[in-house]
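Hello,

Here is the structure we talked about handing over. Please have it open while you read; the notes follow below.

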Amino acid sequence: MQKRLAEQAARLGQGSLWELVTGDPARATDFALRVGPLYANFARQHVDREALAVLFDIAREADLPAAMRRLVDGEPVNFTENRAALHTALRGDLSPARAARDAHRQAGEALARMEALVARLHADSRITDVVSVGIGGSDLGPRLVVDALSRPDAPVCVHFVSNVDASAIERTLVGLDPARTAGIVISKSFGTQETLLNGAILRDWLGDGTRLFAVSANVERAGREFGIAPERMLPMWDWVGGRYSLWSAVGFPIALALGMPAFRELLAGAAAFDRHAVESPLEDNLAVWHALTAVWNRNALGAAAQAVFPYDERLRLLPAYLQQLVMESLGKQARHDGEDAGIDTVPVWWGGVGSDVQHSFFQALHQGTQQVPADFIGVSRSDHGHEGSHAAMLSNLLAQTEALANGQPSTDPHRRYPGGRPSTLLLLDALTPSALGHLLALYEHSTYLQAVLWGINAFDQFGVELGKQMATKLLPALRGEAEADDPVTRELLSQIRAPR
Ligand code: F6P
């Protein structure tokens, strides 16, 4: 794959995006797709039709349609742990396979139980606030969706705590009344240090254990460690990866903040995108386009970074969410057979919200020496009624993608914009639960398809284990009860412990 992509990149050379677009104006529409409320335009990616044909050949050879089927049928696509990754079964039933149907049934039962708990909490007029404790996949998805979609008249105000730094939970609890607050501890494993520590602080602060809930695949441990009764526990399963889990009971905080109908709309939006991703031919498949252009940027153009810029304040947490989704999924180098992938895999994903970012690091994107491909995300219709502001927002979005792509010549090198910087524009008609469901499902499927193209596993995360083990081993040294083995760590500990 690498060789074929490199050949295409060499043929295309450094030619400007402006030349590519003006030389083939139909690409403005031909390189665009719509799935329900989600529109995507790839015309400003540095590919032409010939390079695209090669990319689609690669997709065919990798049999991406079969890979999508394996995913939704519940085959062990998480091959290092011999598990399915059935997040699609949490939101739809597009597979007749036994594993997928069983998963969908279990998900439906959990959803019904969650709905009853949501109704109970909403009916309790004493409860004004909910504190959700979790980290990584047990935090970022619900946090993003609640931040994006909750309204000032939300039935309860949901707060999130993830960091093991107790300043986070202190700051959250300071303005809350324990008698009017419910707590949720979300942890698939119920063994995550940060969540157990924060969960214990929350439990003690609440005092009354009847307002503490848990979401976990390890109900036994949740019961043992936190004394949470089974009726206040919601399930998780090993066939859902943490970073793919906001559609499960991990979305309990979402349902509490937005209400159950909105949560179901979110699921339905994602399910509609799932159907598109599984059933559409390669050339009409938005997830495939997104994955192929990602692979192109990484392996043909050598981009070591990929940016994401939502031009909507409500999506400000999307970059953080995508960092986990994409980098925890694709930050690997071992293939199925244990051999080295032999190709660069995930670039560094980063980003921020427009238009703020234009006044901080965009200088480097326009005139720096590195080309950073970017996903720009806009929302056509605003909900805030300030049309002047919304027009300014959209004009900034359009201007940035144009300036990055086309640049501007100048005889003064300091004032020259080289252009040629690729981007994809994703547009939501409006920021509804359904549209957000479409968008997040797009990123999930693109991530999986990139993994298939690179031959790596999108669903394990062994890379995070070593640091956790070492941190546990270092706790006695921090308490002064042991010495660290590593001389540098020993010196650092002596600095930390020295009285000053
Ligand atoms: O440290 C990585 C990780 O395992 C993530 O994959 C996961 O989303 C997060 O920790 C939280 O795990 P848990 O839900 O088991 O607490």
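Which kind of contact joins the side chains of D102 and R98? They meet in a salt bridge, with 3.8 Å from N to O. Before the rest, one caution: this is a predicted model.

**Salt bridges in helix α6**

The helix spans residues 98–123. D102 and R98 sit 4 residues apart in it, so about one helical turn separates them. R98 is exposed, because its relative accessibility is 67% and the cut-off for exposed is over 50%. D102 has a relative accessible area of 28% and is partly exposed.

D102 has another partner. It also forms a salt bridge with R105, where the closest N and O atoms are 3.9 Å apart. Here the spacing along helix α6 is 3 residues, so again about one helical turn lies between the two. R105 is partly exposed, at 44% relative accessible area.

These pairs belong to a network. Salt bridges link R98, D102, R105 and E109.

**Helix α4 and the overall count**

What does D57 form with R60? A salt bridge, and the closest N and O atoms are 3.4 Å apart. Both residues lie in helix α4, which covers residues 49–61. They are 3 residues apart, about one turn of the helix. D57 is partly exposed at 33% relative accessibility. R60 is partly exposed too, with a relative accessible area of 41%. For the whole model, the count comes to 38 salt bridges.

**A buried arginine**

Now take R243. This residue sits in the loop between β7 (233–235) and α11 (252–258). Is R243 buried or exposed? Its relative accessibility is 4%; anything under 20% counts as buried, so R243 is buried.

Its side chain makes a polar contact with the side chain of S329, at 2.7 Å. The list of residues that R243 touches leaves out those up to four places away in sequence. It includes G137, Y321, Q324, L325, E328, S329 and K332. A458, F459, D460 and Q461 are on it as well.

**The sheet**

How many strands form the open sheet? There are 6, in the order β1-β2-β11-β10-β8-β9, and the pairing is mixed. The edge strands are β1 (32–35) and β9 (348–351), each of which pairs on one side only. From one strand to the next, the twist averages 20°.

At the β1 end, the partner is β2, residues 38–41. The two strands pair in the antiparallel sense, over 4 bridges. One bridge partner is easy to look up: A32 is matched with N41 in β2.

Which helix packs on this sheet? It is α17, residues 433–454. Helix α17 touches β1, β2, β8 (305–310), β9, β10 (374–381) and β11 (423–430). The direction of α17 makes about 155° with that of β11.

**Domains**

The chain is divided into domain 1, domain 2 and domain 3. Domain 1 takes in 1–83 and 265–462. Domain 2 covers 115–260, and domain 3 covers 465–497. How far apart do the C-alpha centres of domain 1 and domain 3 lie? The distance is 41 Å.

That is the handover.

Best regards

Definitions and conventions: Residues are numbered from 1 along each chain as its sequence is written. This is a predicted model: local features need pLDDT of at least 70, side-chain atom pairs count only at pLDDT 80 or more; totals for chains, interfaces and linings use all residues. Side-chain values use heavy atoms; hydrogens and water are left out. Two strands pair if DSSP finds at least two bridges between them. Axes are lines fitted to C-alpha atoms, for helices over the stretch in contact, and angles run from 0 to 180 degrees between N-to-C directions. Contact means heavy atoms within 4.5 Å. Buried means under 20% relative accessible area, exposed over 50%, partly exposed in between (1.4 Å probe, protein chains only). A polar contact is a pair of N or O atoms within 3.5 Å; within protein, one must be able to donate a hydrogen and the other to accept it, and residues adjacent in sequence count only if both atoms are side-chain atoms. Domain bounds come from an automatic or database domain assignment. A salt bridge is a side-chain nitrogen of Lys or Arg within 4 Å of a carboxyl oxygen of Asp or Glu.
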